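Thank you all for coming; I would like to walk through a few residues, one after another, with the structure on the screen. Let me bring it up before I begin.

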Amino acid sequence: MNRLIHIGFGNIVNAGKIIAIVSPDSAPVKRMVQRAREEGIAIDATQGRKTKAVLVMENSQLVLSALLPETIALRAQAEGKEDEEA
């Protein structure tokens, strides 16, 4: 079964499809986000707030979140532990 995690403001992603969760502060990540926006493969889930995390998905899409990468990672780990216990 697919694990879904909340990434802020009612937005949910499939945790099994996440390759990386990175901070958007570095120049390479900023270029990657800009390129994804131009190609139409960026999903903006920030609801107009500042982007604090970029989720790189299996299908090369980027999901932008207003939550910190640490917060999303903790939620993903918590979901994984719940699945193991079940």
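Before the first pair, a definition: I call it a salt bridge when a side-chain nitrogen of Lys or Arg lies within 4 Å of a carboxyl oxygen of Asp or Glu. Please keep in mind throughout that what you see is a predicted model.

By that rule the count comes to one salt bridge, and the partners are Glu58 and Lys17, whose side chains meet at 3.6 Å, N to O. Glu58 sits in the loop between β5 and β6, while Lys17 belongs to the loop between β2 and β3, so the pair ties together parts that are 41 residues apart in sequence. Are these two residues buried or exposed? Glu58 has a relative accessibility of 49%, and therefore counts as partly exposed; Lys17, with 39%, is likewise classed as partly exposed.

Let me turn next to Ser65, which has its place in strand β6. Because its relative accessibility is 0%, Ser65 counts as buried. Which residues does Ser65 touch, if we do not count those up to four places away in sequence? The list runs through Ile7, Thr46, Lys50, Thr51, Lys52, Ala53, Leu55 and Ile72. In addition, a polar atom of the Ser65 side chain lies 3.1 Å from the backbone nitrogen of Leu67.

One of the residues that Ser65 touches is Thr46, and Thr46 is found in the loop between β4, residues 42–44, and β5, residues 53–57. Although Thr46 is in a loop, its relative accessibility is 2%, so Thr46 counts as buried. Leaving aside neighbours within four places in sequence, the contacts of Thr46 are Phe9, Thr51, Leu64, Ser65 and Ala66. Thr51, then, is in contact with Thr46 and is also touched by Ser65.

My last residue is Asn14, in strand β2. The C-alpha atoms of Asn14 and Ser65 are separated by 14 Å, and along the chain the two are 51 residues apart. Asn14 has a relative accessible area of 17%, and because the cut-off for buried is under 20%, Asn14 is counted as buried. Not counting residues up to four places away in sequence, Asn14 touches Asn2, Arg3, Leu4 and Met57. The side chain of Asn14 also has a polar atom that lies 3.0 Å from the backbone nitrogen of Gly16.

That is where I will stop, and I am happy to go back to any of these residues on the screen.

Note on methods. Residues are numbered from 1 along each chain as its sequence is written. This is a predicted model: local features need pLDDT of at least 70, side-chain atom pairs count only at pLDDT 80 or more; totals for chains, interfaces and linings use all residues. Side-chain values use heavy atoms; hydrogens and water are left out. Helices (H or I, at least four residues) and strands (E, at least two) are DSSP runs, numbered from the N terminus. Buried means under 20% relative accessible area, exposed over 50%, partly exposed in between (1.4 Å probe, protein chains only). Contact means heavy atoms within 4.5 Å. A polar contact is a pair of N or O atoms within 3.5 Å; within protein, one must be able to donate a hydrogen and the other to accept it, and residues adjacent in sequence count only if both atoms are side-chain atoms.
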